[in-house]
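Q: Got a minute to walk me through this one? I'd like to start with charged pairs, then move on to the packing.

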Amino acid sequence: MSKYKVSFLVSITTVVFLFGACTTGQLGRKNSTEYYNGMVVSAHPLASKVGLNILKKGGNAVDAAVAVQFALAVVYPNAGNIGGGGFMVYRSASGEISTLDYREKAPAASSRDMYLDSEGNAITDKSLYGHLASGVPGSVDGMVKAHQKYGKLSWAEVLQPSIDLAANGFALTERQANELNSNAAAFAKFNPGKDYFLKSKWIADDKLVQSDLAKTLTLIRDNGREGFYAGEVADLIVAEMASGSGLISKKDLADYQSVWREAITGNYKEYRIITMPPPSSGGIALIQLLKLVEPYPLKRWGFNSDSTVQLMVEAERRVYADRAAYLGDPDFFKVPQQALMASSYSLSRMKDFNWNQATPSNLIKEGVIAPKESEETTHFSIVDREGNAVSITTTLNGSYGSKVIVKGAGFLLNNEMDDFSVKPGTPNMYGLVGGEANAISPGKRMLSSMTPAILEKDGKLFMIVGTPGGSTIITSVFQTILNVVEFDKNMQAAVNAKKFHHQWLPDEVFVEKGTLDSLTQIKLQKKGYKITERGDIGRVDAILKTKWGYYEGGADPRGDDSKMAW
Ligand code: DON
């Protein structure tokens, strides 16, 4: 054999071997991407592994979801949390649906003008960083309620893997090491006298051990809800608040309750979308967006063609204008939910759409500017052997939340208060503005964009999807769904696809590099669209049930996200 043939064969063998190894390592099944028994897709390989192990042990999708929520609090502290909140959408194998709202709440001592100076100007730093930025955390109560209602394994069994990860430590990815390094000054500033997360320089594979967090998780394992909202951990949270003029009191913690809410549902062609109601704006906005584009031949126009992008941008502009005006916590503000999702409204909403030129946002509707949120949240999708499905998006809001770590308890608190309109009608530092609907009030939940969703096709489970990304969450979920149902992409390709985003104001189409080819871009610009390149949009983690019955995962390559299945 010639030496060229030998080296060719060696290369081929290496490629085949490496491919096999990768597939086995990532997916646990050699040379196949067909998984029938369950799947977990999350922002961190160790959290996905925890979820998969729970499924393999006989746990159901909710057991795995609870385990993944706690595991992410350990291995992905940017957004995984026990000091924040989130939303869960659930669909059982038999089609029962429910949603759980474990969003944070404004402390009882909060007030509408708490972030204004004496002249009435917003001091947005205060709603973003430090002790005053935190809402009362909801994640632990949410997980307790989800597990009580649906869990099969014991509470201790689903908590234990996270305790082990916190106590024994885990190896940081390169991305995580860099993120910890770039936040070192903030950790030092907001945590004087504490050494959490601090090291002269983190590098990939460094071990992060979190002993205080392990202790807190053990208290939660042994005492359930009381392990967090009462006793030692509650005392530590209140002491932390006292050290930085924060507002969360013992009573706020004792009073916190997550809430089961009726899911938002709507149809797009032969698909049924099951998603989150207010206080997330995501569900209503997603249904509105799908309804606005449904009458048009997207499939014929094709993925990211000028007509497709123009139509979707015009729909987004209108939906985000409505979001700013009409959405807030339904326990405090009457959200015109049915009116916004009515087909007659969708038809009338596109009447002023003009193919020849962009509709300027200031003609769409008077109102307040749509929010622009900071971008660190996390989503995970899970399906179990029976076909029960969970879609959860959870967050501290900004990366590492308020940056405050509860001394002695080892976890970060959220900066979710910034999701309120700090001063109704005026944009804060992040452009976050809303109206009365989203003004601060004690005990109120701040408006969210998080859009965990589950889709059915012909009455059967079809997709589990969601993403972080602040105000881009809704449009990223919208695009991912269309990428599959209109543009025939498989789940991973739909997740990988470049994304664009319009949120009414600012009146710009934000695109990831490479989203539009130059001809498409020129065509849109000629019609008056301002196109602005920006960094990553979304970090979608999704699962598709194929027509052959096996599951296909989409783990976003924009992060360390990972899919694991069996
Ligand atoms: O609830 C919300 O809409 C925001 N707190 C979410 C923030 C977010 O997605 C940041 N993520 N990447």
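Q: First up, is Arg175 buried, exposed or partly exposed?
A: This is a predicted model. In it, Arg175 is partly exposed, at a relative accessible area of 31%.

Q: And what does its side chain meet in a salt bridge?
A: Arg175 meets the side chain of Asp560, at 3.1 Å from N to O.

Q: Which parts does that pair tie together?
A: Asp560 sits in the loop between β17 (551-555) and β18 (562-565). Arg175 is in helix α7 (residues 174-182), so the salt bridge ties together parts 385 residues apart in sequence.

Q: Is Asp560 buried or exposed?
A: Asp560 is buried, at 19% relative accessible area. The cut-off is under 20%, so Asp560 counts as buried.

Q: How many salt bridges does the structure hold?
A: There are 31.

Q: What about Asp306, what is its salt-bridge partner?
A: Lys523. Their closest N and O atoms are 3.8 Å apart. This pair also links distant parts of the chain: Asp306 is in helix α15 (residues 306-326) and Lys523 in helix α21 (residues 518-526), 217 residues apart.

Q: How accessible are Asp306 and Lys523?
A: Asp306 is buried, with a relative accessible area of 17%. Lys523 is partly exposed, at 38%.

Q: Staying in α15, how far apart are Arg318 and Glu314 along the helix?
A: They are four residues apart, so about one helical turn separates them. Their side chains form a salt bridge, 2.8 Å from N to O.

Q: Are those two buried or exposed?
A: Both Arg318 and Glu314 are buried. They also belong to a network: salt bridges with shared partners join Glu314, Arg317, Arg318, Asp352 and Asp507.

Q: OK, switching to packing. Which residues touch the most other members of the largest nonpolar core?
A: Tyr268, Val293, Met463, Val465 and Leu482. That core has 77 residues. Helix α15 gives the largest share, nine residues.

Q: Where does another core lie, and which residues are in it?
A: It lies apart from the largest one and has 76 residues. Among them are Val136, Leu172, Leu208 and Tyr256.

Q: Back to Tyr268. What does it touch?
A: Leaving out residues up to four places away in sequence, Tyr268 touches Ile273, Leu290, Val293, Glu294, Leu298, Leu482, Val485 and Glu486.

Q: Now the sheet. What is the strand order in the six-stranded one?
A: The order is β7-β8-β11-β12-β16-β17. The sheet is open, and its pairing is antiparallel.

Q: Which strands are at the edges?
A: β7 (264-268) and β17, each pairing on one side only. From one strand to the next, the twist averages 20 degrees.

Q: How many bridges join β7 and β8?
A: Five, in the antiparallel sense, with β8 spanning residues 271-275. One pair of bridge partners is Asn267 and Arg272, the latter in β8.

Q: What does helix α13 touch on the sheet?
A: Helix α13 (residues 282-293) packs on it, touching β7, β8 and β11 (453-457). The direction of α13 makes about 15 degrees with that of β7.

Q: And which strands does helix α19 lie across?
A: Helix α19 (residues 472-485) lies across β7, β8, β11, β12 (460-465) and β16 (541-545). It runs at about 135 degrees to β12.

Terms used: Residues numbered from 1 in each chain as written. Predicted model: local features only at pLDDT ≥ 70, side-chain atom pairs only at ≥ 80, totals over all residues. Heavy atoms only, no water. Salt bridge = Lys/Arg side-chain N within 4 Å of Asp/Glu carboxyl O. Helix = DSSP H or I, 4+ residues; strand = E, 2+ residues; numbered from the N terminus. Buried < 20%, exposed > 50% of the residue type's maximum accessible area, 1.4 Å probe, protein only. Core = buried A, V, L, I, M, F, W, Y, C linked by side-chain atoms within 4.5 Å. Contact = heavy atoms within 4.5 Å. Pairing = 2+ DSSP bridges. Axes fitted to C-alpha atoms, helices over the stretch in contact; angles between N-to-C directions.
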